[in-house]
Amino acid sequence: MFEKSTWIKLPRNVLVGHDVLDDLGAAVGELYLTGRPLIVTSPTPNDIAGDRVRAQFDDPATAVVKEASFDAVERLIETAEEVDPGYLIALGGGKPIDIAKMAADHLSVGFVSVPTVASHDGIVSGRSSIPEGDTRHSVAADPPLAVVADTTLLANAPWRLTTAGCADIISNYTAVKDWRLARRLRNVEYSEYAGALSEMTAELLVENADMIRPGLEESSWVVVKALVSSGVAMSIAGSSRPASGAEHLISHQLDRIAPGKALHGHQVGVASIMTEYLHSGENGRWSAIREALAELDAPTTAAELGIDDEELIAALTTAHEIRDRYTILQGGINEEAAIEVASATGVIER
Ligand SMILES: NC(=O)C1=CN([C@@H]2O[C@H](COP(=O)(O)OP(=O)(O)OC[C@H]3O[C@@H](n4cnc5c(N)ncnc54)[C@H](OP(=O)(O)O)[C@@H]3O)[C@@H](O)[C@H]2O)C=CC1
Ligand SMILES: O=C(CO)COP(=O)(O)O
Ligand SMILES: [Zn+2]
């Protein structure tokens, strides 16, 4: 008898467009939530959009988080226990969204995602990714009940944050390659739908790269739709596999070795050039990935990331240790080979 079952959790409402931040109250009203909201935000988004959000609700509470950590999640849970919110509203970048996502899961309340930067695909996903000491926890959590992405606000955010979102999407190419490799060699569960959606999302973004320019609202529209689509692929898969392979392992190691130097999306983009090379060799698509990143003004070298060559090589050689996820880096790459791939792809100069 066929006994397998799948539970795909997706947001119910996704609003993307001009000034839709002012429709947040109406979008939340449609969800029939009760109680007061607790707005989870960080300093900059609170300054930029906090009052506009608060004005749409009765008796809202606000918690401002400063770093992505388990301590921050615990502090937020304590605040929520005092405030007793009916639901959370995550307003900002990946930091407040991931923290709110994890806390909402713990508190068994829903949350609404209101990204103020299009910097990565966690704005929609059912994954919360938080570093802790030497490891990173990417845990399942319910995805947002609704996503309200105001393209006017996003177009005014710093351009480098948008290029980071684009690079996070481009890295889906290699993430799916790693996932397929894991299926072939370890019989890891693979979803054709999630794999195809993730690849197609990267493809469409690259095809529309010439439309993605600073300050253009249409660009934010294209990028947000790609981020939503990539988040949906993760929800279908029930894991971050469609959007996170060896290139993400390298980036997570960089977060430990060289914290705060570069954005998540930029790191995974540069790492993706190298893991594509490892998958397909010198005639593979690594140069196409590099060109796509460059066209979108995303970094393609360690120097552009602001990372020393030694830090990059250390991240490459230790990336396989960070998580039990089969990728092209399974078993590790030695220093000599790491220097070879980084210099052959122009990521470091030798
Ligand atoms: N769950 C998932 O599936 C995924 C999660 N992630 C996680 O997300 C995090 C990275 O996300 P990211 O968005 O870069 O992180 P942040 O939330 O730290 O945002 C990046 C920066 O942008 C600032 N900012 C936010 N909105 C605006 C705006 N409108 N205008 C100007 N500045 C703004 C923030 O200010 P301030 O410093 O004041 O907060 C911060 O300095 C990482 O922790 C990463 O692991 C990444 C990918 C996927
Ligand atoms: O960044 C992500 C997808 O783009 C999430 O992946 P992780 O599970 O590696 O944190
Ligand atoms: Zn990512």
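In the UniProt record, an unreviewed entry, Asp168, His248 and His264 are listed under "binding site". These positions extend over 97 residues of sequence, yet they cluster in space, the largest C-alpha distance being 9.2 Å. The structure examined here is a predicted model.

Two of the listed residues were examined individually. Asp168 belongs to helix α6, which comprises residues 159-170. Because 36 C-beta neighbours lie inside 10 Å, where 20 or more are required, Asp168 is classed as buried. When neighbours within four places in sequence are set aside, the contacts of Asp168 are His120, Asp121, His264, Gly265 and Val268. One of these contacts, His264, is itself a position of the "binding site" annotation in UniProt.

His264 is located in helix α11, formed by residues 264-280. This residue is likewise buried, since 23 other C-beta atoms are found within 10 Å of His264 and the threshold is 20. With residues up to four places away in sequence not counted, His264 touches Gly94, His120, Ala164, Asp168 and Ser251. His120 thus appears among the contacts of Asp168 and also among those of His264.

The arrangement of the protein into domains provides the setting for these residues. The protein is divided into domain 1 (13-129 + 137-156) and domain 2 (159-344). The C-alpha centres of domain 1 and domain 2 are separated by 26 Å. Contact between the two involves 22 residues of domain 1 and 27 residues of domain 2. On the side of domain 1 that touches domain 2, at least two residues each are supplied by β1 (13-17), β8 (146-150) and α5 (151-156). Of these elements, α5 gives the largest share of that side, namely four residues. By class, the residues of the side of domain 1 that touches domain 2 comprise eleven nonpolar, nine polar and two charged.

Two ligands were then considered in relation to the domains. Ligand 1 is surrounded by 28 residues, of which Ser42, Gly93, Gly94, Lys95 and Gly122 come nearest. Two or more residues of the shell around ligand 1 are given by each of α2 (43-54), α4 (94-107) and β6 (127-132). Helix α2 makes the largest contribution to this shell, with four residues. The shell around ligand 1 consists of ten nonpolar, 14 polar and four charged residues. Ligand 1 lies between domain 1 and domain 2, because both domains give residues to its shell.

The residues around ligand 2 are His120, Asp121, Arg127, Ser129, Ser138, Asp168, Ser240, Ala243, Ser244 and His248. Among them, Asp168 and His248 are also listed by UniProt for "binding site". The shell around ligand 2 has six polar, three charged and one nonpolar residue. As both domain 1 and domain 2 give residues to this shell, ligand 2 therefore lies between them.

A further residue, Glu74, was examined in helix α3, which spans residues 70-83. Glu74 is partly exposed, because 14 C-beta neighbours lie inside 10 Å, a count between the limits of 12 for exposed and 20 for buried residues. Glu74 and Ala103 are 29 residues apart along the chain, and their C-alpha atoms are separated by 7.7 Å.

Methods. Residues are numbered from 1 along each chain as its sequence is written. Chains are lettered from A and ligands numbered from 1 in the order in which they are written. This is a predicted model: local features need pLDDT of at least 70, side-chain atom pairs count only at pLDDT 80 or more; totals for chains, interfaces and linings use all residues. UniProt positions are given in the numbering used here, feature names are shortened, and annotations may be inferred rather than shown by experiment. Two residues are in contact if their C-beta atoms, placed from the backbone, lie within 7 Å. A residue is near a molecule or strand if its C-beta atom, placed from the backbone, lies within 6 Å of it. Ala, Val, Leu, Ile, Met, Phe, Trp, Tyr, Cys and Pro count as nonpolar, Asp, Glu, Lys and Arg as charged, and the others, Gly among them, as polar. Domain bounds come from an automatic or database domain assignment.
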